Amino acid sequence: MLQKSPFRGQVVIVTGASSGIGRELARQLARQGAKLVLAARRVERLQALAEECRALDGEALPVPTDVADEAQCRELLRVCISEFGGVDMLINNAGMSQFAKLAEMPDLTLFRRLMEVNFYGVLNCTYYALPALTASRGRIVNIASLGGYLAIPGASSYSASKFALVGLSDALRMELAGNGIAVTLVCPYWVVTELNENIIDAHGRHYTELGRSVYTKRMMSAERAAEITLRGAAKRKARVLMPPGLPAVLTRTLFPRLTDWITHQFFIRPAVERAKKHDDKGLLDNL
Ligand SMILES: NC(=O)c1ccc[n+]([C@@H]2O[C@H](COP(=O)([O-])OP(=O)(O)OC[C@H]3O[C@@H](n4cnc5c(N)ncnc54)[C@H](OP(=O)(O)O)[C@@H]3O)[C@@H](O)[C@H]2O)c1
């Protein structure tokens, strides 16, 4: 089975590789014999992952990168091309989340930071990867979210950044088809990772265990999310909506007001209730 992997020997950049879905993508690609460039800010984690990937059959190069910084993304691509001679697949996975009402934000600094990481981070890496991807007739894989189709109350910055990413991905798919580059938009629902514990509030404080308490046993693992992502990327699919994606997106298109209500009643409210049980500081009192 490993012999058949379309990723064997391919040069793949994974942003946000130090944790969660990105780390799992790297592990699975390493097992399939890919040459990995691992990007994120936490260097020690990247170095440990690179060692693990080498032991699993891949090549791996950690490149500390803040994707919000355009110059660092340009450097990421330069290092990748100089070390491995090109790029076959760019997985734009790095992301962060915020749970805060707009009116509670002291200013717009953190709202802009969400856009800088989740949207411009993708744009920065994609722009500098385009010549190499055109040469390889490669793949771009953008990890957005179902939150890029169904807005989340209390997470306007996250929703805005992911809606923007959906638009960018759809436009680029058509624009780059002539260059032979496939653009795959991936929209997970809730996946058990560190994203929720690192969610920031209006002031940039992490929700930590409150964020973790939102997860239930039924939610998807990072391993499964990575498997689904790579299967879609291998087939050069346009869009990968993880459950309950397709019915949710169709319902939103046909019945937008009803979908707002369902999102609030059946997804957000129960999650906030679960978190409130652990909220001894009253951080969620006004939600
Ligand atoms: N978990 C979910 O429920 C879920 C659902 C839908 C979509 N997603 C999306 O899936 C993607 C991966 O998230 P995850 O769930 O795996 O979360 P995670 O475990 O928190 O991983 C996020 C990754 O992004 C990196 N990152 C954050 N800011 C960065 C920056 N400025 N520059 C470079 N790297 C940065 C982090 O590394 P460093 O901190 O080391 O930089 C980390 O490796 C995100 O785009 C997220 O929006 C997740």
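Here is a short back-and-forth on how some labels in this predicted model are earned.

User: Before we start, what are the ground rules?

Analyst: In this predicted model, local features need pLDDT of at least 70 and side-chain atom pairs count only at pLDDT 80 or more, while totals for chains, interfaces and linings use all residues. Residues are numbered from 1 along each chain as its sequence is written, and side-chain values use heavy atoms, with hydrogens and water left out.

User: Why is T65 called buried?

Analyst: Buried means under 20% relative accessible area, exposed means over 50%, and partly exposed is in between (1.4 Å probe, protein chains only). T65 has a relative accessible area of 3%, so it's buried. You'll find T65 in the loop between strand 3 (59-64) and helix 3 (70-84); helices (H or I, at least four residues) and strands (E, at least two) are DSSP runs, numbered from the N terminus.

User: What makes the T65 side chain and V63 a polar contact?

Analyst: The rule asks for a pair of N or O atoms within 3.5 Å; within protein, one must be able to donate a hydrogen and the other to accept it, and residues adjacent in sequence count only if both atoms are side-chain atoms. Here the T65 side chain reaches the backbone oxygen of V63 at 2.7 Å. Setting aside neighbours within four places in sequence, T65 also has contacts (heavy atoms within 4.5 Å) that include A39, R41 and L76.

User: How do you know that strand 6 is largely enclosed?

Analyst: Six of the six residues of strand 6 (residues 182-187) are buried, so the rest of the structure largely encloses it. Both faces are covered: A182, T184 and V186 are buried on one side, and V183, L185 and C187 on the other.

User: What makes strand 5 and strand 6 a pair?

Analyst: Two strands pair if DSSP finds at least two bridges between them. Strand 5 (residues 139-143) and strand 6 run parallel and are joined by five bridges, with N142 standing opposite L185. Strand 6 also runs parallel to strand 9 (residues 239-241), with three bridges, and there R239 is the bridge partner of L185.

User: Why are the Y189 pairs with W190 and F267 labelled tilted or edge-to-face?

Analyst: Rings of Phe, Tyr and Trp (its six-membered ring) pair if their centres lie within 6.5 Å; planes under 30 degrees apart count as stacked, over 60 as edge-to-face and the rest as tilted. Y189 and W190 sit 5.6 Å centre to centre with 55° between the planes, hence tilted. Y189 and F267 are 5.6 Å centre to centre at 85°, which lands in edge-to-face. Y189 is in the loop between strand 6 and strand 7 (191-192) and F267 in helix 9 (residues 256-276), so that pair ties together parts 78 residues apart in sequence. Y189, W190 and F267 form one aromatic cluster.

User: Why does Y189 count as partly exposed?

Analyst: Y189 has 32% relative accessibility, so partly exposed is the label. W190, at 21%, gets that label too, and F267 counts as partly exposed at 28%.

User: How do you know that R41 and T193 make polar contacts with the ligand?

Analyst: A ligand oxygen is 2.7 Å from an N or O atom in the R41 side chain, and a ligand oxygen is 2.6 Å from an N or O atom in the T193 side chain. Both distances fit the polar contact cut-off.
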